[in-house]
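Visitor: I'm new to this one. Could you pick out a single part and take me through it closely?

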Amino acid sequence: MKRLRLLLARLAAQPKSWFRAITHRSRLESDMEAELANHLELLTADLIRAGHTPAEAHRNARLSLGSAVATKDGMRQSLGLRLWDDLAADLRYGARILLRSPGFTSIAVLSLALAIGANTTIFSLAKQLLYDRLAVPNPGDLRMLHWVGDGKEVISSMWGDFDAGPKGTTNSSVFSYPVYLQLRGANQSLQDLLAFKEESMNATVRDNAKRVNAAMVSGNYFAVLQVPAQFGRTLQPADDAQQGQGAVAVISDGLWQRDFDRSPNVLGQTLKLNQTIVTIVGVAPRRFTGAKNVQSSPDIFIPLSLQPVVLPKGANQSLLDDTGMWWLNVEGRLKPGVSDQQAQSALDVQLAAAIRATMSPKSDQTLPRLVLEEGSRGLHFTDGTFRKPIYVLITFTGLVLLLACANVANLLLARGAQRQREMSVRLAMGAGRARIVRQLLTESLMMAALGGSGGLMLAYLGRNVLPSLLTNAWDDKSLQVPFDWGVFAFTAALTVLTGILFGLAPAWIIGRTDAGRTLQETSKTSSRRRKGLTGRSIVIFQISLSTLLVVGAGLFLRTVVALNSVDVGFQPDHLLLFDVSPPAKRYPAGQDVLLHARIERAIAAIPGVEHVSPGWVPYMASSMSNETFDPEGEPRRPKSAEDVNAVGNDFFATMHIPMVAGRDFGPQDTTTSAKVAIINQSLARARFPHANPIGKRFQTDERVNAPWITIIGICADTRYMNLRDEPPPQFFLPFIQQKEIGTMVYQVRSQLPVDSLIPSLRRTVAAIDPDLPLVDIRTQQQQIDANMQIERTFAALTSGFGLLALSLACVGIYGVMAYSVANRTNEIGIRLALGAVRGQVLGMILRESTWLSLAGVAVGLAAALFLAGLVKSMLYGLQPYDPVSLIFGAILILAVGLIASWIPARRAAGIQPMAALRHE
Amino acid sequence: MSEQEKQLELLQGTLDLLILKAVSLGPLHGYGVLLRIQQISGQALVIQQGSLYPALYRLEHQGVIASEWGESDNNRKAKFYSLTAAGNLRLSEETEKWNRMSVLMGNILLATASAVPEQA
């Protein structure tokens, strides 16, 4: 007990005393001085009193107190200042050393800064896309409800995400509103369940029509997420109480900033959302991004009760009574003390009951199984797209960092050889080995710290470059990568790690210096072999890393080239795309078709527009639509859906897709004329292998009296969702013959420059309806580029890293060869004196460096062959062991090796024998 | 010189205890601590004056003594050390330990051959 109290008192006292000593250093020094002087004075006085002469007394007093310097040193040591003082001295000395060779320091610092900056940038992106959690209190408690069906599940209509799992299973996170209400009532294992649906809508904010991302949320949404409004109030259960009522909205911080300039007068103002006027009652907190994802926030939150008014859907406008349509995301917080397993089995039983209560499953239909998933990162749909690319990028930047470390280590080693004498002198004068290693490590860490701060600065400047490379060119809401303490801590840790990584080996080797031997050594007896070997293995390591990076960059570059040369099947030049979404409230089924026909005619009349056609599906935009395709006289197949596009009559001319047989759509195809369709060659091959499909009829609906559609033509194949997949079977229907069409993407072919075309398009559409925004205006080429965004970003980044690797390897080879030549000056002089031709010397040095390069390239190629297999799915049009990339990479590295050693080799060949022999 | 021969070198590790004891009798400056130890010991102990101050600083660093600047006898500013509460605790504990140790040492050194139990 006593001991513990003493220990605690000591633990409390020591840091306080140490800190006081550090902060009041000059006062401490003068106090020590005064105290010792006082002692001397009193002692002298006592000695004089005892009968000594003053001079004698002075002398004796000083003798018995001993050396004041040593005593003060002991006092400082008592206060724990020794380490601190040594560190300060090390830092001062280190700074002098770094400043003495500015060239060396700047190369090392610059390469470290580039490598650390690249790592920090990729890390901040990875953190944002793969690790950051929702900005709500206790995100770890959130559980998102999913269900898994076996392919025969009762759910047939879905609006939202679903993945086809293995063996025909379906995985989805959407529920019907009636099922949500049942689950919410029965649930006891999660805290209150919230529901939300994020969807893009047309908004008119301060007379400015635009597309926004709106979240329709249950009344308890903000309460369950525990998110207060930063201004005004959040949505309440009362807002969501009655269908069609509750025309209030909470806006995001971003919208408040962009459209209201953070004005406090925003409360009470109205905005039009799909023609419905809603009143703004509050602003969500700055970092809040909703429950769905971490990357970007919905602009507007409205109560779910508004769905029938704002976004009418289905037979009777309201999805809130619709038991068949599954469309809502449902989430809750785990109750304390309840395990995931317990909650999941309880909810599974409740889901089955809810489905039986709201739907009537047939005997051959099954009930889905409920699965609870972590909700702290929303639906984390970024994982699928970005996990692998980001891991590959992290590997790349990690290798670049390793390369930079090897480079600095190599430079330090070479310089260490020059400093060997200094170290020997210090050892001879009594410095401890640990002390010398510490001094060298301090220098390395200082260099790393400089590199780290440079890297942090680079990453900060470049923090928005990467996201802009990863998002669409026409998207105004680009991904914001936050620069926070997590990133800073990562960089700091990385910096220390690199400092130790590149500093330890040289420090260790130099620290082992034998004082006596080195002092006697001259260049003639230098133990070049051993030191040279270390430098050489580092260079081989560097060259193999560079080979790996260059080959990797080659693979990704060639993937982009291969994708670029894909024939899409239509003419993508001079095509402008934009979306028009008529709100269902103003344009119910039928009216929307007429509206699009009107817009199509108006645009076709614009001077300079050659062709125009609206369509359901833009090409190369990762979007798709499919419908049942049941030819007449064939037995019904269970899964007979084919990719479909509803298009204008001028579609094939607009896209320059050639007709292979039959006729094109034309003015004769109208709302009332016979229903027609065109199929592509793949569909003809797949579904009519032995017959001429023209004149054949099919249905797109299972109902008995559904209309028959006649095939009138066959067109050439085109790529559909993306550049990678082979052209799928497709069929085309005139949009004018559809009952209901909704959002369409317009394809406009014109030789006019885009900048002059867009305003006239806007004017034309505004003349028809001023509340209809033109959304996502982009050229078809931009659309294609966006579709290979990741591949292009990859090629750009990896080529950049490859170049960086090449230049680092260049510095490494040059350094080692220059050092080798300098050390062999004597030998080369003798060779020349004995009659060697300069060309022979040149060849000798180049041969030496080429052997190094060859060894490195061999190791690098082996590693590349092994690692390329892991990125196979990211490549296109080539194999992981692509011989072009491998051979080209190897040749490039060998050439760079030759160039880097050319200068040292020339210097060797230019040595004057007499000067070399005198040289010591 | 004959007086010197009677003096004893300080046992290792006992300086801290002596300082604590000296300061426990009232606040002292560094030289005062030296004088008081010599006075109590009847001038029988030799204290390396050079090691006195590092010891004082160490004890203050550990929080068992505290210091304050004040007037000395010769009307100079001097640093006075006094015992803290933690120091009191430490002093009593060290004293107890020392007493046990000295009894033990005494007994061991007094032992004769017959007193040692036979080892079976």
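**A close look at one strand**

Guide: Let's start with a pair of facing residues: A:Ile251 stands opposite A:Ile300 in β12(A). Keep in mind that this is a predicted model. The strand we're visiting, β12 of chain A, covers residues 300–303. The partner on the A:Ile251 side is strand β9 of chain A, residues 248–251. Two bridges hook β9(A) up with β12(A), and the two strands run antiparallel.

Now for another neighbour. Strand β7 of chain A, residues 208–217, pairs with β12(A) as well, this time in the parallel sense and over four bridges. If you want a spot to find by eye, look for A:Val217, whose bridge partner in β12(A) is A:Pro303.

And where do the side chains of β12(A) go? A:Ile300 and A:Ile302 point one way, while A:Phe301 and A:Pro303 point the other way. Whichever way they point, all of these residues are buried.

Let's step back to see the surroundings. Chain A is divided into four pieces: domain 1 (2–80), domain 2 (139–376), domain 3 (384–564 + 789–918) and domain 4 (582–771). Residues 300–303, our strand β12(A), fall within the range given for domain 2. From domain 2 of chain A to domain 3 of chain A, the C-alpha centres lie 52 Å apart.

Chain A also has company: 28 of its residues are in contact with 22 residues of chain B. The largest share of the side of chain A that touches chain B comes from α1(A), with nine residues. Sorted by class, that side has twelve nonpolar, eleven polar and five charged residues.

Conventions. Residues are numbered from 1 along each chain as its sequence is written. Chains are lettered from A and ligands numbered from 1 in the order in which they are written. This is a predicted model: local features need pLDDT of at least 70, side-chain atom pairs count only at pLDDT 80 or more; totals for chains, interfaces and linings use all residues. Two residues are in contact if their C-beta atoms, placed from the backbone, lie within 7 Å. Ala, Val, Leu, Ile, Met, Phe, Trp, Tyr, Cys and Pro count as nonpolar, Asp, Glu, Lys and Arg as charged, and the others, Gly among them, as polar. Domain bounds come from an automatic or database domain assignment. A residue is buried if 20 or more other C-beta atoms lie within 10 Å of its own, exposed if 12 or fewer, and partly exposed in between; C-beta atoms are placed from the backbone. Two strands pair if DSSP finds at least two bridges between them.
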